[in-house]
Amino acid sequence: MDEQEFVGLLESLLQPDTERVKSATATLNKTYYTSPASLNALLQIICNHPKPELRQLAAVEARKLVGKHWQQLPADQKSTLRNQIFQFILNEDVTLTRHSAARVISAIAARDFEDGEWADLPGYLQQASTSSTARHREVGTYIIWTTLESVGESFPGKLSDLYKLFTSTIKDPESAEVRVNTMLALSRLAMLLEPEEDPKSLALFQDAIPGMVNVLKSTVEEGDEDHALQAFEVFQTLLGCETALLQKHFGDLVKFMMELGSTTSVDDDYRSQALAFLMQCVRYRKLKIQGLRIGEDMTLKALQIVTELGDLSSEDEDVTPARSALGLLDILASSLPPSQVVIPLLKALGNYFNSQDPDYRQAGILALGMCVEGAPDFIATQLHEILPMVLHLLEDPELKVRAAALNGIARLADDLAEDVGKEHARLIPAMLRNYDLAINNLQAQNDERNLQIIRGSCHAIDSLIEGLDPEEAATYVPELVPRFSKLFHHDDYKSKGAAIGAVGSIASASEKSFIPFFEQTMHELSPYVRIKESQDDLDLRGVVCDSMGKIASAVGAEPFEPYVLPLMEASEEALHLDHPRLRETSYILWSTMAKVYEEKFAKYLAGAVKGLSECLDQDETELEVELGEEAKDLVGSEVVVQGRKVKVAAATDDDDSDLNEAAMDDDEWDDINAVTAVAMEKEIAAEVYGDIITHVRREYLPYMEETVKKLLELVDHSYEGIRKAALGTLWRTYACLWGMAEGDGMGKWKPGLPLQVEASTELKQLGNLVMTATMSIWQDEMDRGTVTDINRDVAATLKLCGPAILITENGTVVPEICQQLLAIITKRHPCQQDLGDDADEEILDESSEYDWLVIETAMEVVTCLAVALGPSFGELWKMFEKSVLKYASSQDSTERSAAVGTIAECLGNMGAACTPYTTGSLKLLLHRLSDEDPETKSNAVYGMGLLCEMTTSDAEILKSLPTIFSKLEPLLDAHDQARLLDNTAGCVSRLIAKFPDKIPISEVLPRLVQLLPLREDYEENKPIFGMIVKLYQANEPTVQQLTPTLMPIFEKVLNPPEEQLEDETRSQLVELVKYLHK
């Protein structure tokens, strides 16, 4: 080959002339790279050429050709080349060239080891790594790391020899690179390690952890940024490996990172990295963190770090320790039980809110806002103490504290709209005082400090108003709408958007009371429906579109009719403006319009279905991402970046940048962020299908088959939001078609299997598809939110459509469903484990609110199985009884209440089949009749009534009657607990109906009648009035004497609200009233 031309072509690749580069690349590929000689020539250039940039390029090119040509080279030539390149690397001065050439050795080793060649390389590497020359040690450890990366378990020799070597190299006295290379090599060993099969290696690895921590510590202390980031990344990697690797030192590691994150003298970048590691710990090692009981310490340290936030500017989005600490608080609150996060936080907040330092007051309210979403139920119980403090902060002399307080209210109201809404009379005037003051003080259009208050007030009212009843919201409309509409034409886009969003929510909350402001508002907003000149325009257009949707649902179909066509046209145009958020807004608008116009939305269906269908058809794999060398084992595979599947291409430049420093410029990263939005968009689209189908109903049938097919394809999508939305819509579709079939004359379902009422062929087919898809996901789903939603979907459908869904083409799925439910209730389901844990890990008693929700919704499915199966559920209750009873004795009142409610419903639904369970149920319910928690007590009363009614063990119940009544008697004085009194009335009615001759009706009935009419739990009207009708039929004297008291009660329940009585009870009562009037 012409070596001179070959070198010349390589030099052309380094020129800034694109055409020359293209031409040289084509010639090299066509003329030279097809021959093994080209590899030999490149290796010679690496070893001998005077220019370092050409040596570097030759190494990059050679590595690509090793796989193709190395095995074709003659054996003696290969032997010479191996020694030559190894010697060259040991003496190469330029780091990048040295690393690139080292990767060539790794590539050759990967081929040679397969063929049983180069057996002496590990010996050379051992020698280099222990040399007295630091450069040689750097080369030796670097090649070990990159070779482990290439060959994994094929690395020759004993692993124990490597661990032995690493115990000295991790403490290298001269070179940080040797120490970090050792860490990187250890992280590769970690990926290969199977703890159960190789306990020796596990012990050796665990012993290496303290040394790894020391390496990280020294890189941070020395400000060695590149090596520090690599060391942090190693620890991030270890979180994704087998849990046993870190187990021994996990607590110490978390404490070290917490200390690092909290130390203000350390560089902010390193502190943020430490806090990012802690967030991953809480995400992937939640149970370990909980078991170590370090949640409280993490919470309080994070709270302290938030005080460093300074001025909260919405423009500045840099990662700082304070922002990272807020993120950590968010994930702590949603992952750990309240006792470890929210309770210690609330205890600490008093001092923060009362501090002389505004940074502390700001930190307190921002931290509280971050924790609401994770523990809404607990925070709701503490609002009586929290809100007075928040109101006080709204009057704070410091503007940034008031801005933070507005942010806090918005977050509280987002998750606790109704609870916070009860305080509207104090909160809204305080927020308006802030708003008015900021408007009056506004110095200029870009006065960011006052604009922050203006936007904050709009956002807080936007969130809060949604929690008010229409009558309450109506009182604020004349005060709020004129104020906010003045901002519709403000120069600041964000303020304009905040005001428009708030007016939409005010309309939504006040409903028909918004009508006086309707036309003027629409007139002012209409010009924004088609704006598209800039990114800001498109953002604002999205907000306007959202608001108009809310206004439509407030004023109703007729008044809004003139605006529908232009708005629908604008929403279809928005799909083609390359703005993901705006596309989502269009889909949500269609969902709203379908709810408002129902079947009349049919004329827009074709366009909406086309838009949604095109959204789901968007390709998520056409984007190739080029990552750095460390990620080369991902080449050709797909990774998920923020819910977006991305194809990984090989790295083309040859520096050893890590995943954080991926070989892409900023624009390319922006591109990924833009396209990850595709997954979010598909999630919205899949949900919107469900809204449209359930409201347009029959009109949707022509599109149904194609839609179901598309949704089924999404069920195993890599992004959990899409899995959840697709399954949810499939279940809603089944329920909608079932309802339509019943409307068309299909018989009402009856409980039990085999089925007594057959569904249509179409329903059977759809049911089979939906249930099969669900079962394929339910069993192994790692995301607790998806499992929670599956539980809800299955429960709701069983209750509405009965047992038909339990039969697929392969027979009944009842055993499999029971298996899933039992796994969840006993906390053994994959979504309740840490990443990489086995199901036999220790089970912790306490749960975060979201972890509990998975269990609670599983109990709902158990209840609804009882509804759908009726008496045949009796056999299945054996499986669940023990586990549910355990929760009925929990220390946590929420758990006791849910468990007792489940027991009650199951007893009622299985009818006489509950008899074998009488003794255990009776004992538990008697005990819980004295529970300190009103909800648990109320459920126990309800359950006791059902047990007494359904069981055939009458003797056992009669024996306990005196005890039952002695426990019910004190409950009659709980006048402030409507549900408890309603359930007590229901329970006593069931007892009278079952044992009329064993109960002193003359004493009991007058007390019972005092509890009528029921105030809350209308279901209990059925047994109460059923029993009263029976007594009249039997001419019972006490009931006849009570007729004058009962007649006004009958009148009240026969009048609205209609839901007080079921149809059957209503007709019985109407007959009785007619009879009594005679």
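# Exercises on a predicted model

Proline 1057 sits in the loop that runs between helix H51 (1043-1054) and helix H52 (1063-1077). The model used throughout these exercises is predicted.

## Exercise 1. Cis peptide bonds

Task: Describe the peptide bond from proline 1056 to proline 1057, then find the loop that holds proline 754.

Solution.
Step 1. The bond from proline 1056 to proline 1057 has omega near 0°, and it is cis.
Step 2. Leucine 753 and proline 754 are also joined by a cis peptide bond, here with omega of about -5°.
Step 3. Proline 754 belongs to the loop between helix H37 (720-743) and helix H38 (761-778).

## Exercise 2. Positive phi outside glycine

Task: For tryptophan 118 and arginine 697, decide whether the residue is buried, partly exposed or exposed, using a limit of under 20% relative accessible area for buried and over 50% for exposed.

Solution.
Step 1. Tryptophan 118 has a positive phi, near 50°, although the residue is not glycine.
Step 2. Its place is the loop between helix H6 (95-114) and helix H7 (121-129).
Step 3. The relative accessibility of tryptophan 118 is 6%, so the residue counts as buried.
Step 4. Arginine 697, likewise not a glycine, has phi near 50°, a positive value.
Step 5. Arginine 697 is in the loop between helix H35 (666-696) and helix H36 (701-714).
Step 6. With a relative accessible area of 30%, arginine 697 is partly exposed.

## Exercise 3. Helix H41

Task: Check the span of helix H41 (residues 849-869) against the rise of 1.5 Å a residue, and state how many of its residues are buried.

Solution.
Step 1. The helix has 21 residues, which should span 30 Å at 1.5 Å a residue. The expected span uses one less than the number of residues.
Step 2. The end C-alpha atoms of H41 are 30 Å apart, in agreement with that expectation.
Step 3. Of the 21 residues, 17 are buried, and H41 is therefore largely enclosed by the rest of the structure.
Step 4. Glycine 870 follows H41, and its phi is positive, near 60°.

## Exercise 4. Two buried helix residues

Task: Locate lysine 400 and threonine 219, and list what each touches, leaving out residues up to four places away in sequence.

Solution.
Step 1. Lysine 400 is in helix H23 (residues 399-415). Its relative accessible area is 14%, and the residue is buried.
Step 2. The residues that lysine 400 touches are Gly310, Asp311, Pro358, Asp359 and Gln362.
Step 3. Valine 420 is 20 residues from lysine 400 in sequence, and their C-alpha atoms are 22 Å apart.
Step 4. Threonine 219 is in helix H11 (residues 199-221). At 1% relative accessibility it is buried.
Step 5. The contacts of threonine 219 are Val180, Asp224, His227, Ala228 and Tyr270.
Step 6. Between threonine 219 and leucine 159 there are 27 Å in space, C-alpha to C-alpha, and the two are 60 residues apart in sequence.

## Exercise 5. Annotated spans

Task: Give the secondary structure of the spans that UniProt annotates as "repeat: HEAT" and "domain: Importin N-terminal".

Solution.
Step 1. An unreviewed UniProt entry places the annotation "repeat: HEAT" on residues 386-424.
Step 2. Residues 386-424 are 82% helix and 0% strand, with end C-alpha atoms 14 Å apart.
Step 3. The annotation "domain: Importin N-terminal", also from an unreviewed UniProt entry, covers residues 24-91.
Step 4. Residues 24-91 are 84% helix and 0% strand, and their end C-alpha atoms lie 30 Å apart.

## Exercise 6. The whole chain

Task: Compare the radius of gyration of the protein with the value for a compact globule of 1078 residues, and describe the overall composition and extent.

Solution.
Step 1. A compact globule with 1078 residues would have a radius of gyration near 31 Å; the protein has 35 Å, which agrees.
Step 2. The C-alpha trace spans about 120 × 70 × 65 Å along its principal axes.
Step 3. The protein contains 52 helices and 5 strands.
Step 4. Buried residues account for 57% of the 1078 residues.
Step 5. Of the contacts between residues at least 6 apart in sequence, 72% join residues at least 24 apart.
Step 6. The exposed area is about 45700 Å², of which carbon and sulfur atoms supply 50%.
Step 7. The domain assignment gives domain 1 (1-117), domain 2 (119-242), domain 3 (248-374) and domain 4 (997-1077). The C-alpha centres of domain 1 and domain 4 are 95 Å apart.

Definitions and conventions: Residues numbered from 1 in each chain as written. Predicted model: local features only at pLDDT ≥ 70, side-chain atom pairs only at ≥ 80, totals over all residues. Heavy atoms only, no water. Domains from an automatic or database assignment. Helix = DSSP H or I, 4+ residues; strand = E, 2+ residues; numbered from the N terminus. Buried < 20%, exposed > 50% of the residue type's maximum accessible area, 1.4 Å probe, protein only. Rg over C-alpha atoms; globule rule 2.2 N^0.38 Å. Contact = heavy atoms within 4.5 Å. Areas by Shrake-Rupley, 256 points an atom, 1.4 Å probe, with all protein chains shown as cover. UniProt positions renumbered as here; feature names shortened; annotations may be inferred.
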